[in-house]
Amino acid sequence: MLSKLRIGKLVSCSLRRRICERRFLVTSNAFSESTVVAAESPELPSWIKDFLSNKPSSSNLVTDDEDFVIPSLAGWVEGQKFSGGEEVNVTKKPMEDIDKVCEFLNKKDASHWEVVKELSGCDVEVSESLVLQVLRRFSNGWNQSYGFFIWAKSQTGYVHSGKSYNAMVDVLGKCRNFDLMWELVNEMMKCQECGIVTLDTMSKVMRRLAKSGKYSEAVDAFLEMEKSYGVKTDVNGMNSLMDALVKENSIEHAHEVFLKLFDIIKPDSRTFNILIHGFCKARKFDDARTIMDLMKVTEFSPDVVTYTSFVEAYCREGDFRRVNEILEEMRENGSKPNVVTYTIVMHSLGKSRQVAEALGVYEKMKEDGCVPDAKFYSSLIHILSKTGRFKDAAEIFEDMTKQRVPRDVLVYNTMISAAVHHSRDEMALRLLKKMEEEESCSPNIETYAPLLKMCCQKKKMKLLGVLLHHMVKNDVSIDVATYILLIRGLCMSGKVEEACLFFEEAVRKGMVPRDSTCKMLVEELEKKGMAETKFKIQSLVQSKVMTTKSESPPLPVT
DNA sequence: CTAGGGTTAG
């Protein structure tokens, strides 16, 4: 038993040999039995045909498909009229209602009042679950979701729940419409029974403000919330605020809050850990130490979380000597590294190309009786894939079931991204399909990003359409980052017309791509001699910049 | 509401 965890010397010679021989990996029969990683059949799998149920006559989906003409994009992206014809298989119960609503919402995207007007002809029965689904599906288009929200409120027999209000508040905050967001919070205070504004609501508000760099406003929201909305300003709220500030890169504001409220709100161990994490993240190690010392003179003492923050920070610096020192200090103080600590160290070693050492951490962790979890596996899969060991990555993925660790979205996302990286397009799509069978594993925007990128690069226009449709069905709303990905990707593949359609749609939704993307598109149009379209795009950018500049700061970089 | 991912560039 090693008394000290020495990263550099962690791996004994024999262990190192075993690792090199890959004996630590599962046997290969597990691999061949797998359904996901099975040899990729040349035939078009039936589930892809399911995807394509609107176009049953389609030919080979995963090969190039140059001559496919993109229909109306508006229908692709937030609607359901992909290319006419019958509905795709309906899985969720309120699906029909949501599709009706979608159709209405796609007709109008001018202002939310017009959306409200438009919806008067919509005959669906509003329920909380429908509202939440619509808000999720349109979480990047506030005038549509807000229009729907207002309309729903006017329906007889329906009253918005606190949950629905919170979701709406979050969407408005996400779209940086803070005026409307506050208006809604105030409305919650007025028209419903008391107590509908909760810490949940205020946490969303503070987080969204912090995300937009409005740190002081986030702090004020917290300080005022008891007086204005009756939400107690206790340690939980303070932690939520400080965590938001730290995560959005203002340890300064978090520290200020801490000092200001120290005598009024008694901090708990989380408060200290949030601060320490913040200072570590900002590479202010002395300050982090100071807080840790302060922690020691209270009733709390540094724990795994505290030390792990330091471990992570030194890992990021590539200073593994310091990492060892921290691990030693941790042990001396009676804390043992846990799965999070091990994940961080392993991932960091893998990133700095010390793969054998990284895998040694895996061994060491198992020796310590520490059980890997889904996030750990995700890191491991990523490292293996990045170093070209795709097959090993796939084996680990398969082995998770045997280890009784349920896969989560992140694991799937990592595996899909790895498959795309290694040109295993069909496997990537099979994985996406397999996600549907898994519990609590719905795809998110990150699931689709590598797949969409692949479509753009390989000019698979039909598959691109299918995926966009799939996204809508899964209530994944397209954000700015995705539009940028599509526009740039299509531009680089010479698909300018398609890029323009996405550009127009993005602008129509109030999501103006960044300068470099606009420039890229305009240059591409110039090159192709499409002067008219070029002019159209340019004036589109001009008008949007004018209208949006006054009310909101530049779009997030993400 | 405490610590872990990845995305983006020719």
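In this predicted model, F262 is partly exposed, with a relative accessible area of 34%. The residue sits in the loop between α14 (251-261) and α15 (269-281). Together with L294 and V297, F262 makes a nonpolar surface patch of about 260 Å². Patch members must have over 30% relative accessible area, and F262, at 34%, therefore passes that cut-off.

The UniProt record, an unreviewed entry, carries the annotation "repeat: PPR". The annotation covers residues 268-302, 303-337, 338-372, 373-407, 408-442 and 479-513. Two of these spans were examined for helix content and end distance. Residues 303-337 are 77% helix and 0% strand. The end C-alpha atoms of that span lie 10 Å apart. Residues 373-407 are 74% helix, again with 0% strand. Here the end C-alpha atoms are 9 Å apart.

Charged pairs were considered next. Side chains of opposite charge can pair when their charged atoms come close. With a cut-off of 4 Å between a side-chain nitrogen of Lys or Arg and a carboxyl oxygen of Asp or Glu, the model holds 28 salt bridges. One of them joins K473 to D99, with 3.2 Å between the closest N and O atoms. K473 belongs to helix α26 (residues 461-473) and D99 to helix α5 (residues 95-107), so this pair ties together parts of the chain that are 374 residues apart in sequence. K473 and D99 are both buried.

A further salt bridge connects E187 and K153, at 2.7 Å from N to O. This pair also links distant parts of the chain. E187 lies in helix α10 (residues 178-191), K153 in helix α8 (residues 142-153), and 34 residues separate them. K153 is partly exposed, at 30% relative accessible area. That value falls between the limits of 20% for buried and 50% for exposed, which means that K153 belongs to neither class.

R321 and E325 form a salt bridge within one helix. Their closest N and O atoms are 2.8 Å apart. Both residues lie in α18 (residues 320-332). They are four residues apart, about one turn of the helix. R321 is exposed, with a relative accessible area of 52%. E325 is partly exposed, at 38%. Elsewhere, salt bridges that share partners join D99, R136, R137, K473 and D475 into one network.

D475, a member of that network, also stands out in its backbone. Most residues other than glycine have a negative phi. The phi of D475 is positive, near 60°. D475 is placed in the loop between α26 and α27 (480-492). Its relative accessibility is 3%. Buried means under 20%, so D475 counts as buried.

R176 likewise has a positive phi, near 60°, and is not a glycine. R176 is located in the loop between α9 (162-174) and α10. At 16% relative accessibility, R176 is under the 20% limit and therefore counts as buried. Helix α10, on one side of this loop, is also the helix that holds E187, the salt-bridge partner of K153.

How values were computed. Residues numbered from 1 in each chain as written. Chains lettered and ligands numbered in written order. Predicted model: local features only at pLDDT ≥ 70, side-chain atom pairs only at ≥ 80, totals over all residues. Heavy atoms only, no water. Helix = DSSP H or I, 4+ residues; strand = E, 2+ residues; numbered from the N terminus. Buried < 20%, exposed > 50% of the residue type's maximum accessible area, 1.4 Å probe, protein only. UniProt positions renumbered as here; feature names shortened; annotations may be inferred. Patch = residues over 30% accessible without salt bridge, like charges linked within 9 Å, V, L, I, M, F, W, Y side chains within 5 Å. Areas by Shrake-Rupley, 256 points an atom, 1.4 Å probe, with all protein chains shown as cover.
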